[in-house]
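Please look over the sequence and the model together before reading on. The paragraphs below go from helix packing to the ligand, and then to single residues and the backbone.

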Amino acid sequence: MSEVVTYKREDQIAYISVNNPPVNALSLPVRQGLEAAFTKFANDNEAKAAILICEGRTWIAGADITEFGKPPEDPWLPKVIHQMEANEKIIVAAIHGTALGGGFETAMGCHYRCAVPSAKLGLPEVTLGLLAGATGTQRLPRLIGVKRALDAMISGAPFSASNGLEWGAVDEIVDGDLRDGATQFTKKLLAANAKPRRISDEEVDGLELNEHFFNEYRNGMAKKTRGFFAPEQIVKCVEAAVSLPYKEAVEREGELFMECMMSSHSVAQRHLFFADRACAKVDDVPKDTPLRDIKKVAVIGGGTMGGGIAMNFANAGIPVVLKEINQEALDRGLEIIRSNYNATVTKGRMSAEQMDQRVGIISGVLDYDDLSDCDLIVEAVFENMALKKEIFGELDRIAKPGAILASNTSTLDIDEIAASTNRPEDVIGWHFFAPANVMTLLELVRGAKTSHEVIATSMAMAKTIKKIAVLVGVCFGFVGNRIFFPYVREAQQMILEGVPPERIDQVAFEWGMAMGPNGVSDLSGLDVLDKVKSEWLDRPDDPALWAVGTKLVELGRLGQKTKAGIFNYAGRTAVPDQVVADLAKSEATRLGIQQLSEVSDEEIIERLMFSMINEGALILEEGIAMRSSDIDVVFVHGYGMPRYRGGPMRYADTVGLSNVVAAMEKYRERYGDMYWTPAPLLKRLAEEGGSFSG
Ligand code: T1G
């Protein structure tokens, strides 16, 4: 037996235990251990039943993702699962934590399953651009029905043990000690002379399926899964489950699994799985850096952002004080919060009691002195450096020693803000993304003097409020917005060149972006972008930069909030407007910008994406981002880039850096050096045949 899988018989029951921290992933030693253990079980005549159980915090959480992309090593998981299932003696899975992917497939290879109430089960492979390739696409439909199985595999969302019991994936919920409960359950089965239940022997219940079922299912998922490879392969696997004998269908599943595994989408999503975790690691901040206790938080500014920020802390059970300049503004701010919560309750995603709990720990004040007992103060007023420096001067006066002073600025210099205090080591940027109570991304902006304690505490607190925190350096726009700026620039440049804005957005949407660049500009407000331009002191010397937006702002067309911007808005639907086309044409004439007779979809994507990639390379060279995958995390969590593209830097690797540079040289010919000179890092990596992700 391997040390990661042990076998111990007590009376008639063999306990086979997996112990492979941190999540009992099915690495090669585990698969080898399971194969040996179940061979021993089959030959152990004293053993009448086996319980498969896991040490540590969870049941097997899946195949070992670190092994993907390497040559597969025998025994393959399907082989181990079929060996277990074929056993003549019953095998019971005792589940706690998260039985996910290959872990849940292993549990389905057992004859019976019991679980503690808090356990979760699921097949989230689609989040890695994969499918449940160890017979999961064949077993789950047999266990819980075709529609439910498809929903579970296309969404990748886990379900609870109680749902599992209701649907048939779990046979017994075990209260109290899992091992004891599983033992009782197994003895009950033995007493009833229960036989091995082999799911592969069972037919898929096709009653709910008419001839149109699968195509209707495909149409239903199309908008959400557009351009994404794996979901269609999952549907094909389930079609095979319905139409082919089990063995043939499993072979089909294996073929489609390998196609997913080799896809650029899966490579990108596996990259992001580790990138999401890597960004929490700050190379120069020791793991054992002491953390400050955050018991009470203040938010200055009760606007949309301030209200959303306050909600994050209240949601985590941390008392929040909202500070405004007068009672009317404060009441308005508290009302924003209440209406946000009401909307969530109305959607059934929160109970009224939960809302009351949260609202109950949010209070309002008008004086800075009332913030003197707060451990973290987040300034969230509008983007004006003078105002922010004035506020931080006040905070320096009233805040208790050791209080963390954070600014929600989206672009401005944290060092300059910190210089308005006598405690720059306690100052840091906490850049939330709108809506602040929804978006998972949080850019933490370290100033030159920000202390390790403040950084470590901020990273830990970000996790507490369920944010993905990326630590970035000081520059205009930090990482996210600084990369977003060229994306908007190229979109508006193409509008000036005569490309309809709706075409640009459609191409970006079909590429996978949640929303096109022009729709996003209208959503965040063209006036906001225009204000950013005025604060961007070292912006490119280019009169055409965001000129369409500036012109529209002059006309009072600010975007969605005025029902007209680059598009007109009937509700949230963006409708093209000839006024904008005409305005763009006259601006192009004024600026001497050539109209483009035709633009391919490929050019639209290249100009939108490669301009961002080049900015990302500059950011890396300047040390503003610690690693290229951090830039990917920012873009996937903060700007609606699809995970199956992996983020801008991963996408560059997918395209090939030499191809990116060649395309840039093409645009450099047309537009000159200002925007299309490849960053030195990008050029060097391309010449070396290298990549950003290494
Ligand atoms: N393989 C390898 N390492 C893994 C892993 C996995 N499956 N899951 C987690 N880790 C590492 C992770 O990188 C981190 O490492 C540490 O464990 C703690 O993870 C054949 C093909 C289980 C809900 O997709 O969803 O099975 O950073 O920080 O927040 O059909 O991990 O500490 O060095 O996330 O408590 C399917 C993926 C795989 C589940 C726990 N399974 N994991 O969350 O901790 S594909 C999954 C998770 C598959 C089969 C297919 C979460 C978690 P480090 P963590 P957590």
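Contact here means heavy atoms within 4.5 Å. The model is a predicted one, and a first place to apply that cut-off is helix 2, residues 77-85, whose buried residues are L77, P78, V80, I81, M84 and E85. Around the helix axis these residues cover an arc of only 160°, which puts them on the same side of helix 2. What they pack against is a set of helices and strands, namely helix 1 (28-43), strand 3 (49-54), strand 4 (90-95), helix 3 and helix 4 (136-144).

Helix 14, which spans residues 352-360, can be read in the same manner, with M355, R358 and V359 as its buried residues. Viewed down the axis of helix 14, these buried residues fall within an arc of 95°, so they line one face of the helix. The other side of helix 14 carries E353, Q357 and G360, which are exposed. As for the partners of the buried residues of helix 14, they are helix 12 (304-315), helix 13 (327-346) and strand 12 (362-365).

The ligand is the next stop. Around the ligand there are 27 residues, of which A63, G102, E105, E125 and R277 come nearest. Three side chains place polar atoms by oxygen atoms of the ligand: in R57 a polar side-chain atom lies 3.1 Å from a ligand oxygen, in E105 a side-chain N or O atom is 2.6 Å from a ligand oxygen, and in E125 the corresponding distance is 2.8 Å. Taken alone, the ligand exposes 1000 Å², and the protein buries 73% of that area. Strand 5 (98-100), helix 3 (102-109) and helix 11 (264-278) are the elements that give two or more residues to the shell around the ligand. Helix 11 supplies the largest share, three residues. Sorted by class, the shell comprises 16 nonpolar, five polar and six charged residues. Helix 3 thus appears twice in this account, as a partner of the buried residues of helix 2 and as a contributor to the ligand shell.

Which residues does Q233 touch beyond its neighbours within four places in sequence? Q233 belongs to helix 9, residues 229-243, and is buried, with a relative accessible area of 3%. Its contacts, once those sequence neighbours are left aside, are L131, L256 and C260.

H452 lies in helix 17, residues 452-464, and is partly exposed, at a relative accessible area of 33%. Although H452 and V285 are 167 residues apart in sequence, their C-alpha atoms are 5.7 Å apart in space. V285 is also among the residues that H452 contacts outside its neighbours within four places in sequence, along with D284, P286, T289 and R446.

R489, in helix 18 (residues 480-496), is a charged residue that is nevertheless buried, with a relative accessible area of 9%. Its side chain makes a polar contact of 3.0 Å with the side chain of E490. Not counting residues up to four places away in sequence, R489 touches L545, W546, S611, Y675 and W676. A separation of 36 Å lies between the C-alpha atoms of R489 and M261, which are 228 residues apart along the chain.

The backbone offers a last set of details. Most residues other than glycine have a negative phi, and most peptide bonds are trans. W546, one of the residues touched by R489, is not a glycine and yet has a positive phi of about 55°. W546 lies in the loop between helix 21 (526-535) and helix 22 (547-554) and, at 3% relative accessibility, counts as buried. T135, likewise not a glycine, has a positive phi of about 80°. The position of T135 is in the loop between strand 7 (120-122) and helix 4, where T135 is buried with a relative accessible area of 0%.

Two peptide bonds that precede prolines complete the account. The bond from D74 to P75 is cis, with omega near 5°, and P75 is located in the loop between strand 3 and helix 2. A cis peptide bond also joins A434 and P435, with omega about -10°, and P435 is found in the loop between strand 15 (427-432) and strand 16 (441-446).

Terms used:
Residues numbered from 1 in each chain as written. Predicted model: local features only at pLDDT ≥ 70, side-chain atom pairs only at ≥ 80, totals over all residues. Heavy atoms only, no water. Buried < 20%, exposed > 50% of the residue type's maximum accessible area, 1.4 Å probe, protein only. Helix = DSSP H or I, 4+ residues; strand = E, 2+ residues; numbered from the N terminus. Arc of directions from axis to C-beta. Near = heavy atom within 4 Å. Polar contact = N/O pair within 3.5 Å; in protein donor to acceptor, adjacent residues only side chain to side chain. Areas by Shrake-Rupley, 256 points an atom, 1.4 Å probe, with all protein chains shown as cover.
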